[in-house]
Amino acid sequence: MNIVRISWKNIWRNKLRSSIVIGAIAVGILSGTYCVAIILGMIQGRVDDAIHKEVGHIQMHNPRFVTNYETQYTVSNVSDKRAEIQQITQVKSVAAHTVSHIQLSTGYTGSGALVTGIHPEREKEISDIYTCLWNSTGTYFEEDMYMPVLLSKEIAENLLLDYYRIDSSFFVTCAHIPDSVTGKLQSTKIYRSKTDFLQYVKSTLSSELLERYKTDFLNAALFFKTGKKISYSILSKDKEVQNGICKIAGVYKTSNSMFDARNIFMLDSDLRSLLHIETDKTHEIQLVLNDTENVPNVMSQLQSLYPNLEIRSWKELKPDAGMQADLMNMYGIIFIIIILGALGFGIVNTMLMVVLERVKEIGMLMAIGMNKKRVYSMIMFETVLLCLIGAAIGMVGGYYLIQATASGIDISSLAQGLESVGYAPVLYPQLDVLFFVQVSVLTIITGILAALYPAYKAIKYNPADAIRSDV
Amino acid sequence: MSIIQVHNLHKTFEAAVPVKAIQGIDLEFAQGEFSAVVGPSGSGKTTFLNMIGGLDSPTEGDIIINDTNIRSLSPSEMIDFRLHNIGFVFQAYNLIPVLTARENVEFIMQLQKRPQKECTERAMELLEAVGLQDRAGTRPAKLSGGQQQRVAVARALASKPQFVLADEPTANLDTASTENLLDIMHNLNKKEDVTFIFSTHDKRVIDKARRIVTIEDGKVLSDEAIKR
Ligand SMILES: Nc1ncnc2c1ncn2[C@@H]1O[C@H](COP(=O)(O)OP(=O)(O)OP(=O)(O)O)[C@@H](O)[C@H]1O
Ligand SMILES: [Mg+2]
């Protein structure tokens, strides 16, 4: 009969009390792991967006370009470099970009942006922006048009390119709003401004209903006209101002409104000719690897290949996401430590009751020759096992809850604040096996710590007094 | 040959009014004795047995068990000494409630780190000796008080001790169970030469003893051997 077996059996002496403690631990661990899974899912989503929509894994620039984006500072021999980089086994794809500041204006207003010149087909290999067209507005440079530009929804709105109308698709988007409300609205002409559109809705419904459904109505009625002209102004590499007209090819939207507020896309060939950049030169080379883990390795290979270029990883390019990714694991652990710490006090209390109840039995055990080390271990194992049972139930529950919601929890109604700091409006809870291992280890530590005082009390009994006592 | 020698034993419990529970006892116990310590309530029987069992330490005097002065042992050496030399049967709370009768008997041998096979065999032998072989798989809660005390006797013998101390082992038992337990102890004493020292109030128990030590106010009032 080893001590662990006795401890295990002792747990079930008072089934109700043990079940309550186990239940408390299970609920704590379940909610803890689930919260952590949500936080980690959010961070992972942000990291994935940063890599796959914004900056790739690694970017290379002329070091002088980095400071001010002055277009004369280029990287040369681009096709050779692309071919060389493609040779590195961990590299999935490489693409080159021309990049410049640009000034856009419509008849009403203007807006500055950073324009990236891309080869659409190659770009699809390294960036998922092509999947982010807002409300299927336009295409990803598939339509043949003069000087196409892909705007973000945010910039398009800033340029007052937003139109509103009620048409059949409006009613589809608003299907969740009661018919008694939408039924009163009729197909309308196109409104040139948000205010005019809202004025119409207000006059048809009531200002109260308008307030309630304002965001839904605006979203459903909003559209952008592709092919519409906007004028641009850009500085070529020899500091000549280039003015002209470009056309809206499409409108995209990511879940990072900071990115959207700044970035638009053009064809590389168009931007290159505006900037007067020679064919085999470029501003930016962007890489995507097979696995994010390989970034440091590939970075050092690139650094020895191209010592004169500024080579930066996604963590340097997007420090916010980089920092979150580095701290990700720690958040989870700190969270669980706090929960276990709180539970720990309850466990100490329970084990003190246990020890007090068994004064005579513990006295008898020491009297017949069970030494203090064994008595101590008996109480300690009992505590640790109690904690582990609870934690195991909590982790299994957490695991299934994560599985059940892994396809995403939509919180878009609350999510505008999140998007402004770059987080997606859908949560994808996720956890790796390592975390469950860490929780188990922390649980064992909690059990050991919680047992210290009760076990110490147990071995302090004098067997003669314990047996005599009338407890 | 005496296995226990008690010299000038004193025990005072420190309290608001100090209690002089044992006030100078000199006694010897020999191998194979079947002795009763008797006396009125509060006379010091439990205190005396606790001290020769090493559960409590004297205020003054010495206890020598087979050449070992147990006062010289450290607390952890004392526990180990008890494990290998002394068997205990208490009035109640003798058994581990979560273990079966057999496991309770095995337990003490496992503490002595004996091979599992030996533990199981000896546990079964001893349960047979106390007439409980068919209750080996039963937990204490499902045994009668008398059966529990018989398991406790088996457990006390399992460690092959020098002697067995039993403080009022029959106090909670009815007449039939008392006689039964006494017969078992008596048999083990005769056949296996196990030394028993027990305290009791019970006339029926006293009648079985072959030596009766009477204690009053912490002193030995009389010490008589009885031929049976
Ligand atoms: N831990 C203690 N602290 C103070 N006094 C104690 C303690 N233990 C025992 N006593 C006192 O010592 C005296 C002897 O007690 P003891 O239990 O040895 O008597 P006993 O002969 O076993 O009595 P009983 O027949 O009732 O079991 C009593 O007066 C008792 O109150
Ligand atoms: Mg007593």
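This text goes through the ligand site of a predicted model and then turns to the enclosed cavities.

The account starts with ligand 1. Its shell counts 15 residues, and those that come nearest are Arg468(A), Ser41(B), Lys45(B), Thr46(B) and Thr47(B). Because the residues surrounding ligand 1 come from chains A and B, the site is shared between chains. In terms of secondary structure, at least two shell residues each are supplied by helix H20 (463-468) of chain A, and by strand S2 (19-30) and helix H1 (45-52) of chain B. The largest share belongs to H1(B), which gives three residues to the shell. Sorted by class, the shell around ligand 1 holds seven polar, four charged and four nonpolar residues.

Polar atoms of chain B lie close enough to ligand 1 for distances to be listed. Thr47(B) places a polar side-chain atom 2.5 Å from an oxygen atom of the ligand. For Lys45(B), an N or O atom of the side chain is 2.7 Å from a ligand oxygen atom. Gly44(B) takes part through its backbone, with a polar atom 3.0 Å from an oxygen atom of ligand 1. As for cover, ligand 1 taken alone exposes 630 Å², and the protein buries 69% of that.

Next comes the space that holds the ligand. Ligand 1 takes up the second largest pocket, and the space in that pocket amounts to about 620 Å³. The pocket is lined by 30 residues, of which Arg468(A), Thr46(B), Gln91(B), Asp167(B) and Glu168(B) are the closest to its centre. Arg468(A) and Thr46(B) are thus named both here and among the residues that come nearest to ligand 1. The elements that each supply at least two residues of the pocket lining are helix H16 (359-368) and H20 of chain A, together with S2 and H1 of chain B. H20 of chain A and S2 and H1 of chain B were also named for the ligand shell. The lining divides into 12 polar, 10 nonpolar and eight charged residues.

Apart from this pocket, there is enclosed space to consider. The structure holds two cavities of 30 Å³ or more. The largest cavity has a volume of about 60 Å³, and its lining includes Asn10(A), Arg17(A), Met351(A), Arg358(A) and Glu382(A). Four helices of chain A each give at least two residues to this lining: H1 (3-11), H2 (15-55), H15 (319-357) and H17 (372-405). By class, the lining of the largest cavity has five nonpolar, four polar and three charged residues.

The second largest cavity has about 50 Å³ of space. Its lining is made of Leu49(B), Asn50(B), Leu55(B), Phe88(B), Val89(B), Phe90(B), Leu165(B), Ala166(B) and Asp167(B). Within chain B, H1, strand S6 (86-89) and strand S7 (163-167) each supply at least two of these residues, and S7(B) has the largest share with three. The lining of the second largest cavity counts seven nonpolar residues, one polar and one charged.

Some parts of chain B recur in this account. Asp167(B) lines the second largest cavity and is listed among the residues closest to the centre of the second largest pocket. Helix H1 of chain B supplies residues to the lining of that cavity, to the lining of the pocket and to the shell around ligand 1.

Methods: Residues are numbered from 1 along each chain as its sequence is written. Chains are lettered from A and ligands numbered from 1 in the order in which they are written. This is a predicted model: local features need pLDDT of at least 70, side-chain atom pairs count only at pLDDT 80 or more; totals for chains, interfaces and linings use all residues. Side-chain values use heavy atoms; hydrogens and water are left out. A residue is near a molecule or strand if one of its heavy atoms lies within 4 Å of it. A polar contact is a pair of N or O atoms within 3.5 Å; within protein, one must be able to donate a hydrogen and the other to accept it, and residues adjacent in sequence count only if both atoms are side-chain atoms. Accessible areas come from the Shrake-Rupley method with a 1.4 Å probe; for residues, only the protein chains shown count as cover. On a 1 Å grid over the protein atoms alone, a cavity is a set of points where a 1.4 Å probe fits but cannot get out, and a pocket is an open set with protein on both sides within 12 Å along at least five of seven lines; lining residues have an atom within 4 Å of a point. A molecule sits in a cavity or pocket if more than half of its atoms lie within 2 Å of its grid points. Ala, Val, Leu, Ile, Met, Phe, Trp, Tyr, Cys and Pro count as nonpolar, Asp, Glu, Lys and Arg as charged, and the others, Gly among them, as polar. Grid points are joined across faces, edges and corners, and a volume is the space filled by probe spheres set on the points.
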